[in-house]
Amino acid sequence: MGDLAAYTLDDPGRGKAATHVVFSSPHSGRYYPESLIERSQLGLLRLRASEDALVDDLFSAAPAHGAPLIAGVMPRAYLDLNRAPDELDPALIEGVRSSGVNQRVLAGLGVVPRVVAEGAPIYNGKIRLNEARDRISKIHIPFHCKLEQLLHRARETFGTALLIDCHSMPSEALRAAPKVGGSMPQIVLGDRFGASADRVFILEVQAAFERAGFIVARNTPFAGGYITQRYGKPALGLHAIQVEIDRGLYLDQQTIEASPAFDEIKRLLTQVIADVVGAGSETQKFAAE
């Protein structure tokens, strides 16, 4: 595998959409190139702090239910697929002028991140603009071209398409989250407060997670990022929902290895996948009217 592989794709349709649902896992990439490790002032374990570890594995049953699964290969610390290609950080990239308005970029979380979790700087110094643009052209653009193709194919076949954008969140991120029935949420669904998906879709996805036994919140503390904003266009028959899973459910967050509960959580998520894909006919009919 080359240093700049853009994505992996398991597509059971092989040119034809078998369902209106598409799954993506943009932050599960774990191929850390030597060039990044050598230039970073962090060790590999700390570099992985921003990784949605094993999320692609958790959702790997999607193709068996007819839905394509596209996943990032390169890590988020190298390039963030859930950022716009113009979110360039002047504090990291030579020759970039500050706009002073994008809070993600100001925090060091642009398309080429300056920091990983807890604000730890990745590099000692800056990188060149042409290097940042090279990463974008070889990773970001191909990933999004393919994802857009998958969604448009589903819409052309079924009249509507639903993107399930899969992520994980550190357990500590939930400490300040509103309680759900007195308990901390385990799943946070983001539809940008209704802007990226029709209500019928978010209700069906929430019900699928709840039937599997998960505690579900919506939009707080995560309402959706660049991917849900870019592809969630309900008026055009394109719907996008971000899924955030508490890492503590399935991961040892210190070693970034699967916990003993991993297989059970994957089994429950496979049930969710089946429910979401299987709910298609009536939901599509409603959304297309």
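Where does N124 lie? In this predicted model, whose residues are numbered from 1 along each chain as its sequence is written, local features need a pLDDT of at least 70, side-chain atom pairs count only at pLDDT 80 or more, and totals for chains, interfaces and linings use all residues. Side-chain values use heavy atoms, with hydrogens and water left out.

N124 lies in the loop between α4 and α5 (129–158); helices (H or I, at least four residues) and strands (E, at least two) are DSSP runs, numbered from the N terminus. With a relative accessibility of 70%, N124 counts as exposed. For this and the residues below, buried means under 20% relative accessible area, exposed over 50%, and partly exposed in between (1.4 Å probe, protein chains only). Setting aside neighbours within four places in sequence, N124 is in contact with R39 and Q41, where contact means heavy atoms within 4.5 Å. The C-alpha atoms of N124 and A6 are separated by 26 Å, and the two residues are 118 apart along the chain.

The chain as a whole gives this loop its setting. The protein chain contains 9 helices and 9 strands. Its C-alpha trace spans about 55 × 40 × 35 Å along the principal axes. For 289 residues, a compact globule would have a radius of gyration near 19 Å, and the 18 Å of the protein chain agrees with this; the radius is taken over C-alpha atoms, and the globule rule is 2.2 Å times the number of residues to the power 0.38. Of the 289 residues, 53% count as buried. Among contacts between residues at least 6 apart in sequence, 79% join residues at least 24 apart. About 12500 Å² of the protein chain is exposed, and carbon and sulfur atoms supply 50% of that area, as computed by the Shrake-Rupley method with a 1.4 Å probe (for residues, only the protein chains shown count as cover).

Two buried residues offer a look inside. I273, in helix α8 (residues 262–278), has a relative accessibility of 1% and counts as buried. Leaving aside neighbours within four places in sequence, I273 is in contact with F23, F59, A61, A62 and H65. From C-alpha to C-alpha, I273 and A6 are 25 Å apart in space, and they are 267 residues apart in sequence. A197 is found in a loop, between β5 (187–190) and α6 (199–211), and is buried at 2% relative accessibility. Not counting residues up to four places away in sequence, A197 touches D191, P234, H239, A240 and I241. A197 and F209 are 12 residues apart in sequence, with 17 Å between their C-alpha atoms.

Charged residues come next. The protein chain carries 31 positive and 34 negative charges, whose mean positions are 5 Å apart. Lys and Arg count as positive and Asp and Glu as negative, while His and the chain ends are not counted; the place of a charge is taken as NZ of Lys, CZ of Arg, CG of Asp or CD of Glu. Side chains of opposite charge can pair when their charged atoms come close. A salt bridge is a side-chain nitrogen of Lys or Arg within 4 Å of a carboxyl oxygen of Asp or Glu, and by this rule the count comes to 16 salt bridges.

One of these joins the side chains of D56 and R30 (3.0 Å, N to O). D56 lies in helix α3 (residues 55–58) and R30 in the loop between β2 (21–25) and α1 (34–39), so this salt bridge ties together parts that are 26 residues apart in sequence. D56 is buried, with a relative accessible area of 16%, whereas R30 is partly exposed at 40%.

In another salt bridge, the side chains of E87 and R104 meet at 2.9 Å, N to O. E87 lies in the loop between β3 (69–72) and α4 (103–106) and R104 in helix α4, so the pair ties together parts that are 17 residues apart in sequence. Here E87 is buried, with a relative accessible area of 4%, and R104 is partly exposed at 36% relative accessibility.

R211 forms a salt bridge with E204, with the closest N and O atoms 3.0 Å apart. Both partners are partly exposed: R211 at 48% relative accessibility and E204 with a relative accessible area of 24%. In addition, R39, E131 and R135 are joined into one network by salt bridges that share partners.
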